[in-house]
Structures are given as structure tokens and as C-alpha cells.
Amino acid sequence: MAKAKDKKARVLIVGSGIVGLCSANYLLRDGYDVTIVERDPLGDGTSCGNAGAIAAAEVAPYALPGLWKSVPGWLLDPLGPLSLRLSYMPQFLPWLYLFLKSSNQTKAEAGAKAMSSYLASAFEDYKPLLGAAGLDGLLKKEGTIFVYKSDKGLALDNYFWDLTRRNGVTLQSLSQKEVQEREPALGPQAHAGVYTPDWGHFANPGDLVRGLAKLFQESGGSHLQGEVESFETRDNKPVSVRTRDGQRIEFDQLVIAAGAWSARLSAKLGDKFPLDTERGYNTTLPNPEAKLNNMVVFAEDKFVATPMNIGLRVGGAVEFAGIEAEPNYARCDTLLQLAKGYLPTLNGEGGTRWMGRRPSTPDSLPVISPSRHHDNVHYAFGHGHLGITGGAVTGKTIASMIAGHPGTFNTEAFHINRFD
């Protein structure tokens, strides 16, 4: 383990998304010499284009008991929340098998307990970074409403809410009148709701990422562009990377935080992990007319709407098609159609459509872990829908791991070897 106080150990972070940036800034604060290498700073931008939530209430995994019963109906519904490209089915089946294997009560309970511990400091761990970057005003922490259009839909989520409540999340049931008092733009389709104060959002996640990148560089960090292609070893220990364009970058400690591309790199280091990519879609409407006070989750239709300083962002959906497939922006149009059912005055014109690649694990827990084989390699990926939510927690934890200090939660459930 490298000791920052003994020398300026060189840490290389692969990936400049929110997890990589938070890790880099925490490591700089601890006195390390930190370099980020990023394959395409102007590319996918999953950390910039998402819904911007700090969803500290999202402790329950997606793989819940009985969920499999809903999957066929979702796939057959053109407005459904789940899409699978048939050409991708052979590659997807191993991940699906592990997802279904994880969807039993014992594993769901254990996963929720682990996530509750992990997300307990989600807001607190952002404070020093936001303060140093002058971004305090970007975070809005006023809770959120999960909206239901039927009593049946609400009843189907009974176990989800019970599991969430038992893991320390504050919840309040809302009648239709109470929902509309909080969010007057919602129409009669918003039948009932559940409110939690354990939720917040950034007014623009792009501003967050750019602000943390600026903080990193102004604090002495180095930012390089290049796609890591291979690792060079000395005495069976990784000591440098080679990029596709021929750069050689040496390091003492290595952090893989490359989002959806992370498992390809971890495999080259001997650490295979079943990571897949949930492709999410959204549209940002500059003049939505329908005004929301806070982020709203439409629970039955599995999408969200976030008021931002650039307009209203309507997004969600899950598409499994791999990393390279071209976007299907009809998914954006589907989400807007659903949103108009809840927001009668919504103006859907002039929007900017987007697709991002969420790095997703079968059990919904991220990988925050040392390598099985190399004591100078650490992993920080697989955050799925919770990259912004857990970015600062993961970054602080990675810095603690590299320094050899205990973190604030037990990372055993997040180890890269858990599916071996």
C-alpha cells in the first residue's frame, strides 16, 4: 500500500466520469500525485447526461423476488420500461442468469443492508468537494415523490417499500390531493404517491462534472486523453499502461473507473466480472411549460423527470444492446409520450435527445474493491443508476483503500470476486 505522507505516490485513474473525478479529487486531498486518462472526454458522457439524482433512498436492489414475472410484459409493451435487442441475446444471457439468481429474498435483504450502509454518507461525502469547487448551490436536497397511477401499482411495490423502510429510509404516503399540492403540474393520472426526504438532485450534472474536473486540474491533477489498451508488468505487478495511440503512463497505484468499459480492462488484469450495460435515454426540454418543483419518479412506468437549470429532463428506460450498438432514439419519444400522460401541459418541442451507458451489475451493487491479484490495483465501477448518487462515497472509499485506512462501511459485499 502506498503511503501519501511518505512520498508523492503516483496514482493513475482510468476514467473521468463522476466516480473517477471524485476518486481523483479525494486522492489529491490526501497528497497523491494523480493522473486521469480518459478514452473520450467528449463522447458518451453518462455522468453529464443523466437525471442528476442523489438517490440515497435507493437501497433496494433491482433484482427483487418476483420481478421476473413482469419482464415478459415489459418486453412486449412498446411503451414498456425494458427493451432487449434480439441480436444481443446470446451475450446477455449469462448476465440475465446471474440477475435472476440474485432475485431471491435472502440476497435482496443482504443487498439492501449493504447499500444502506454505503449510501448513508452520500450527501455528506460531496460536501468537501462541492465546497472546494464552489458548487454548493448546484445541489437541491428537497426530497422526491414516487408517483403511482393506480392502487394496484402501489400494492405491487409493497415489498420494495417495506425493504426500503426497514433499511432506514424515511417515507410518507401521499394521497392524490397531497401529491398535487406538492406538484401542481401533475394531472389526475398521478393517483397516489410516496414521498422521501432522502433524495436530492443536481441542477445540472454536466456542471457538476465540469466543476470537479476544473477543481482537479487547479489542484495539481493531470488529465490525459487516450484509450488504455494494455498493461505492462514488472515482477508480476502492473507498473504502466499503454494507450491505443502509443502513450506509456507509469503508476504506483491504479484505479479502474471506466464505467461500462471497466470489465474489459479488469479482465486483462485477471479480474473477470459480469458487467453489462443498461442503455438509458432522456430528452431535455428547454421550454417544458409544465413546471416541477423537484424531481419526480413515475414508479409504474419507470421513468423520472428532473427540473434543471437547462430545462426539464425526462428520462429512464432500460435497453440491453451492448456498448457499440447505435442509439434507438425512439425510446426518447416513448418517454415523452408517457410523461404527457402525467403532465397535461407539457411542451415536448425543441428537446435534446441523449443516450448513456449505465454500467450495471447483476445484483445492483457496485464494485468497490482491490484486485484479487495485484495489491496496487483498485476497482470503482458498476454503479448502474447510482453513479452520481454514490460518486463521492466511492471516491472517498477508494482514497482510503489506497492509503490503507478503514473506510466508513464494510466493502466485502462490493468485492470484485463475489460472483466467483
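Biologist: Is Ser83 buried or exposed?

Modeller: In this predicted model, Ser83 is buried, because its relative accessible area is 17% and the cut-off for buried is under 20%. Ser83 is found in strand β4, which covers residues 82-84.

Biologist: Which residues does Ser83 touch, leaving out those up to four places away in sequence?

Modeller: Ser83 touches Leu75, Val318, Glu319, Phe320 and Arg331.

Biologist: Let's turn to Ala257. Where does Ala257 lie, and is Ala257 buried or exposed?

Modeller: Ala257 lies in the loop between β14 (253-256) and α11 (262-268). With 7% relative accessibility, Ala257 counts as buried.

Biologist: Which residues are in contact with Ala257, once its neighbours within four places in sequence are set aside?

Modeller: The contacts of Ala257 are Ile13, Val14, Gly15, Val19, Gly20, Ser262 and Ala380. You can also look at Ile18: its C-alpha atom and that of Ala257 are separated by 9.1 Å, although the two residues are 239 residues apart along the chain.

Biologist: Ile18 makes me curious about helices. How should I read helix packing?

Modeller: Two packed helices are described by the angle between their axes and by the distance between those axes. A good case here is helix α1 (residues 18-29) with helix α13 (residues 387-403). Their axes are 7 Å apart, and they pack at an angle of about 40°. That makes α1 oblique to α13, and the crossing of α1 and α13 is right-handed.

Biologist: Which residues make the contact of α1 and α13?

Modeller: From α1, the contact is made by Ile18, Val19, Cys22, Ser23, Tyr26 and Leu27. From α13, the residues are Gly387, Ile388, Gly391, Ala392, Thr394, Gly395, Lys396, Ile398, Ala399 and Ile402. Sorted by class, the contact of α1 with α13 has ten nonpolar, five polar and one charged residues.

Biologist: How does α1 pack with helix α10?

Modeller: Helix α10 spans residues 205-218, and α1 packs with α10 at an angle of about 30°, with their axes 10 Å apart. That makes α1 roughly parallel to α10, since angles under 35 degrees count that way. The crossing in which α1 passes α10 is left-handed.

Biologist: And which residues make the contact of α1 and α10?

Modeller: On α1 they are Ile18, Leu21, Cys22, Ala24, Asn25 and Leu28. On α10 they are Leu208, Val209, Leu212, Ala213, Leu215 and Phe216. The residues of the contact of α1 with α10 divide into eleven nonpolar, one polar and no charged.

Biologist: May I try a pair away from α1? What angle do helix α5 and helix α8 make?

Modeller: Helix α5 (residues 105-119) and helix α8 (residues 158-166) cross at roughly 40°, and their axes come within 10 Å. That makes α5 oblique to α8. The crossing of α5 past α8 is right-handed. The contact is made by Gln105, Ala108, Glu109 and Ala112 of α5, together with Tyr159, Leu163 and Arg166 of α8. By class, the contact of α5 with α8 has four nonpolar, one polar and two charged residues.

Biologist: Cys22 came up in the helix contacts. How many disulfides does a search of the whole structure find?

Modeller: The search finds zero disulfides.

Biologist: Why is there no bond between Cys22 and Cys48?

Modeller: The sulfur of Cys22 is 12 Å from the closest cysteine sulfur, in Cys48, so the two are too far for a bond. A disulfide needs the pair of sulfur atoms within 2.5 Å. Cys22 is buried, with a relative accessible area of 0%, whereas Cys48 is partly exposed, at 26%.

Biologist: One last topic, backbone angles. Where in the chain is Glu289, and what is its phi?

Modeller: Glu289 sits in the loop between β15 (276-285) and β16 (296-298). Phi of Glu289 is near 65°, a positive value in a residue other than glycine. At 61% relative accessibility, Glu289 counts as exposed.

Biologist: What is the phi of Ser364, and where is Ser364 found?

Modeller: Ser364 has a phi near 70°, a positive value in a residue other than glycine. You will find Ser364 in the loop between β19 (352-360) and β20 (367-370).

Terms used: Residues numbered from 1 in each chain as written. Predicted model: local features only at pLDDT ≥ 70, side-chain atom pairs only at ≥ 80, totals over all residues. Heavy atoms only, no water. Buried < 20%, exposed > 50% of the residue type's maximum accessible area, 1.4 Å probe, protein only. Axes fitted to C-alpha atoms, helices over the stretch in contact; angles between N-to-C directions. Helix = DSSP H or I, 4+ residues; strand = E, 2+ residues; numbered from the N terminus. Parallel < 35°, antiparallel > 145°, perpendicular 65-115°, else oblique. Left-handed = near helix turned anticlockwise from the far one by under 90°. Contact = heavy atoms within 4.5 Å. Nonpolar A, V, L, I, M, F, W, Y, C, P; charged D, E, K, R; others polar.
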